[in-house]
Amino acid sequence: MQTILVTGGAGYIGSFTVDKLIKKGFIVVIVDNLSSGNKQNMNEKAEFRELDILDKEALEKVFSEFNIDAVVHFAGKIEVEESMYDPKKYFDNNILGGLNILEAMRKNNVKNIVFSSSAAVYGIPNKKKVSEEAEKKPINFYGQTKLWFEELLEWYDKIHEIKSVCLRYFNAAGAAIDGSKGEIRKKETHVIPILFDKIQQQQPFSIFGDDYPTRDGTCVRDYIHVLDLADAHIRALSYLEENNQSNIFNVGTSEGISVKELVEQAQKITGQTTQIQIAPRRPGDPPFLVADNTKITQTLNWRPRYSDVSTILESAWKWMNRK
Ligand code: UFG
């Protein structure tokens with residue numbers, strides 16, 4: 001039975017992945033500082049140590065307490081806007097915190113890590129479907145830290161033979177199919193929770209820009225259900241175990257949907273209409289961000305199972321309306 005250390009295992013994607021790991025029979029140790037994670041999300045069967053990955057000593061103690069076989073590293077700062085006025089916070093958490101993990105792995109001879117990267121590494125792609133080989137030109141500091149950490153992983157492979165799989169997430173969305181678990185955030189910036197909140201409150205929803213060079217003028221994104229994302233991590237761990245080789249994969253559906261289309265679908269699902277107002281463009285939004293997912297489907301035999309727009313929206317709506 002393998003023991004997996006999951007950093008950020010109380011967070012949105014982390015906690016769904018922990019559930020899946022436990023279901024598959026892994027022993028899971030979560031480290032999380034609960035700055036954005038939530039105890040409510042956390043699987044009771046997992047061991048939990050509340051700590052910040054910047055606390056090197058506390059982190060190394062966990063490595064000596066448990067016999068860790070591999071790491072799945074979610075813990076990090078993820079707000080694009082915040083990264084543009086507080087870059088140091090992003091450097092500290094996403095680079096220095098990550099480095100503490102790599103050093104603890106090195107000292108304890110742990111050789112495999114799955115890393116939560118982001119489509120933000122691409123910046124504004126010049127193709128409608130972006131493949132892993134496309135040019136990486138982040139347009140925000142958050143994306144830059146993800147790219148730097150990917151590069152650090154490459155060096156730790158060359159120098160210390162630590163093998164990694166970087167998963168570049170597109171737009172994570174959705175909730176447990178029965179609505180029992182989902183996103184909990186102090187400050188919500190993501191389109192689906194905001195849209196449902198506006199529908200519930202009967203307030204107008206703002207679309208940030210309708211003059212983009214897309215089919216209806218609004219931004220096109222590739223929404224990926226959190227359960228499909230969780231599955232990609234399990235496959236990435238097996239890949240490392242079986243191939244002893246580092247790799248990078250996009251995790252997306254290869255299908256894009258515009259903000260306007262999302263609003264239409266949300267109205268259908270909720271049976272409620274919402275007033276729309278067109279607001280100015282949000283700085284740093286690429287018009288299109290859709291994955292070419294050929295590599296992950298061929299190499300990891302991964303397929304999106306829950307990522308059709310209706311399943312994403314229905315599950316998220318159930319979660320919003322939980323008792
Ligand atoms: N949007 C609106 N109104 C809102 C909120 C969002 O129109 O109230 C639009 C955005 O402008 C964007 C789309 O909805 O066009 C999706 O926005 P999100 O904030 O939900 O997601 P992003 O595509 O901006 O962000 C995602 C991830 C980030 C990652 C980024 C890469 O959440 O972690 O993709 O560009 F960095």
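Domain bounds here come from an automatic or database domain assignment. This is a predicted model, in which local features need pLDDT of at least 70, side-chain atom pairs count only at pLDDT 80 or more, and totals for chains, interfaces and linings use all residues. Residues are numbered from 1 along each chain as its sequence is written, and side-chain values use heavy atoms, with hydrogens and water left out.

**View 1. The ligand shell draws on both domain 1 (3-172 + 224-251) and domain 2 (173-221 + 254-320).** Each domain gives at least three residues to the shell. A residue is near the ligand if one of its heavy atoms lies within 4 Å of it. Of the 20 residues around the ligand, H190, V191, R221, R282 and D285 come nearest. The shell holds 12 nonpolar, five polar and three charged residues.

**View 2. Helix α6 (191-201) and strand β8 (205-208) each supply at least two shell residues.** The largest share, four residues, comes from β8. Helices (H or I, at least four residues) and strands (E, at least two) are DSSP runs, numbered from the N terminus.

**View 3. Oxygen atoms of the ligand meet V191, R282 and D285.** A polar contact is a pair of N or O atoms within 3.5 Å. For V191, a backbone N or O atom lies 2.8 Å from a ligand oxygen. For R282, a side-chain N or O atom is 2.6 Å from one. For D285, the distance from a polar side-chain atom is 2.5 Å. The protein covers 91% of the 690 Å² of accessible area that the ligand has on its own (Shrake-Rupley method, 1.4 Å probe).

Conventions:
A polar contact is a pair of N or O atoms within 3.5 Å; within protein, one must be able to donate a hydrogen and the other to accept it, and residues adjacent in sequence count only if both atoms are side-chain atoms. Ala, Val, Leu, Ile, Met, Phe, Trp, Tyr, Cys and Pro count as nonpolar, Asp, Glu, Lys and Arg as charged, and the others, Gly among them, as polar.
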